[in-house]
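Me: I'm in my first year and still learning to read protein structures. Could you take a close look at one part of this one with me?

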Amino acid sequence: MSIIMFAGTGRTGKTVVVNELIKKAQENNKVAIAIPSVVRGYMQSQGLDSEKAFYDLSQADRTRVQKGLIEEYFLNLDRVIENQIPDEMYIFDRSPFDHFGYAAYNNLSLEDRAHFRQKCHNYLIHHCKRLIHFPWPCPWTNNKDSDAFRHYDEDKERFVSTFISQEINFLVETTGNIKWRTDSSNTLSPKVRADIIYGLITR
């Protein structure tokens with residue numbers, strides 16, 4: 001089994017490339033399963049139908065929800081690990097660092113930061129074959145069109161993107177036990193990006 005994770009803020013093209021990556025694997029007679037983000041399902045379980053509703057909460061409630069969201073991500077990751085099938089590829093369109101970054105943006109305490117950083121590192125070192133980072137901004141960043149769920153905020157995306165980069169660099173510098181790549185080829189089509197990434201993760 002191999003776990004591939006995509007890291008990056010919203011609107012950086014992760015999901016569409018993951019979908020193309022699944023098609024590429026199928027073309028090569030490989031079993032690849034997309035593991036979607038848990039954000040919307042978890043938010044709905046908390047009575048929140050959009051990110052705007054989340055940001056209307058008090059600071060304390062935002063922190064509570066974000067901490068719960070990180071834990072939900074780890075529970076979902078545990079389920080994948082426990083039910084893994086040899087030779088199958090599991091592709092997450094979110095990484096632990098994504099959720100960690102959004103929680104940090106919502107004033108996660110230093111104690112909680114240390115706790116979640118350690119959990120992120122443990123999962124990435126022991127279970128992630130390759131981490132692919134899609135940086136922000138992208139050529140389409142200025143297009144503010146969004147679905148009914150998302151709440152675009154440039155300051156938030158900038159903070160989280162920088163946070164993810166810093167956490168990846170910190171993990172690499174302190175352990176060296178993670179294979180990762182920053183993919184800035186966002187001027188290419190999703191299919192071409194997926195073809196390049198497929199070659200990287202299967203060689």
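The part I would like to follow is strand S1, together with what surrounds it. Which strands pair with S1, and how many bridges join them? Which residues of S1 point one way, and which the other way?

Reply: Happy to walk through it with you! Please keep in mind that this is a predicted model.

Let's begin with the strand itself. S1 covers residues 2–7, and 6 of its 6 residues are buried. Here is a general idea to hold on to: in a regular strand, side chains alternate between the two faces of the sheet. You can trace that pattern here, with Ser2, Ile4 and Phe6 pointing one way, while Ile3, Met5 and Ala7 point the other way. All of these residues are buried, whichever way they point.

Now look to the sides. As a general point, the strands of a sheet pair through backbone hydrogen bonds, and the pairing can be parallel or antiparallel. On S1, one partner is strand S3 (residues 88–92), which runs parallel to it and is joined to it by 4 bridges. To find a place to start, go to Ser2, whose bridge partner in S3 is Met89. Another partner is strand S4 (residues 128–133), which pairs with S1 in the parallel sense over 5 bridges. Two pairs help you line these strands up: Ile3 has Cys128 as its bridge partner in S4, and Met5 stands opposite Leu131.

Step back and the whole sheet comes into view. It is an open sheet of 5 strands, in the order S2-S3-S1-S4-S5, with parallel pairing. The edges are S2 and strand S5 (180–182), each of which pairs on one side only. On average, neighbouring strands of the sheet are turned by 15° against each other, with direction ignored.

Next come the helices that meet this sheet. Helix H6 (residues 110–127) lies across S1 and S4 and runs at about 115° to S4. Helix H8 lies across S1, S3, S4 and S5, and its angle to S4 is about 150°.

Helix H1 (residues 14–27) also belongs in this picture. Among the elements covering its buried residues are S1, strand S2 (31–35), S3, helix H5 (96–105) and H8. Those buried residues are Lys14, Val17, Val18, Glu20, Leu21, Ile22 and Ala25. You can even check the length of the helix: at 1.5 Å a residue, its 14 residues should span 20 Å, and the end C-alpha atoms are indeed 20 Å apart. Just after H1 comes Asn29, which takes a positive phi of about 60°.

H8 gives us a reason to look at charged side chains. In general, side chains of opposite charge can pair when their charged atoms come close. Within H8 (residues 190–202), Asp195 and Lys191 sit 4 residues apart, about one turn of the helix. Their side chains meet in a salt bridge, at 3.4 Å from N to O. Asp195 counts as partly exposed because its relative accessibility is 28%, and Lys191 is partly exposed too, with a relative accessible area of 43%. Salt bridges with shared partners join Lys24, Lys191 and Asp195 into one network.

The count for the model comes to 15 salt bridges, so let's visit two others for practice. In helix H7 (residues 154–175), Arg158 and Glu154 are 4 residues apart, which means that about one helical turn separates them. Their salt bridge is 2.9 Å from N to O. Arg158 is partly exposed at 37% relative accessible area, and Glu154 is partly exposed at 34%. In helix H4 (residues 59–82), Arg64 and Asp61 are 3 residues apart, again about one turn. The closest N and O atoms of that salt bridge are 3.6 Å apart. Arg64 is partly exposed at 44% relative accessibility, as is Asp61 at 30%.

One last stop takes us from H4 back towards the sheet. Gln84 lies in the loop between H4 and S3, and with a relative accessible area of 36% it is partly exposed. Its side chain reaches the backbone oxygen of Ile81 at 2.7 Å. For a sense of distance to our strand, the C-alpha atoms of Gln84 and Ala7 are separated by 21 Å, while the residues are 77 apart along the chain.

Technical notes: Residues are numbered from 1 along each chain as its sequence is written. This is a predicted model: local features need pLDDT of at least 70, side-chain atom pairs count only at pLDDT 80 or more; totals for chains, interfaces and linings use all residues. Side-chain values use heavy atoms; hydrogens and water are left out. A salt bridge is a side-chain nitrogen of Lys or Arg within 4 Å of a carboxyl oxygen of Asp or Glu. Buried means under 20% relative accessible area, exposed over 50%, partly exposed in between (1.4 Å probe, protein chains only). Two strands pair if DSSP finds at least two bridges between them. A polar contact is a pair of N or O atoms within 3.5 Å; within protein, one must be able to donate a hydrogen and the other to accept it, and residues adjacent in sequence count only if both atoms are side-chain atoms. The expected span of a helix is 1.5 Å times one less than its number of residues. Contact means heavy atoms within 4.5 Å. Axes are lines fitted to C-alpha atoms, for helices over the stretch in contact, and angles run from 0 to 180 degrees between N-to-C directions.
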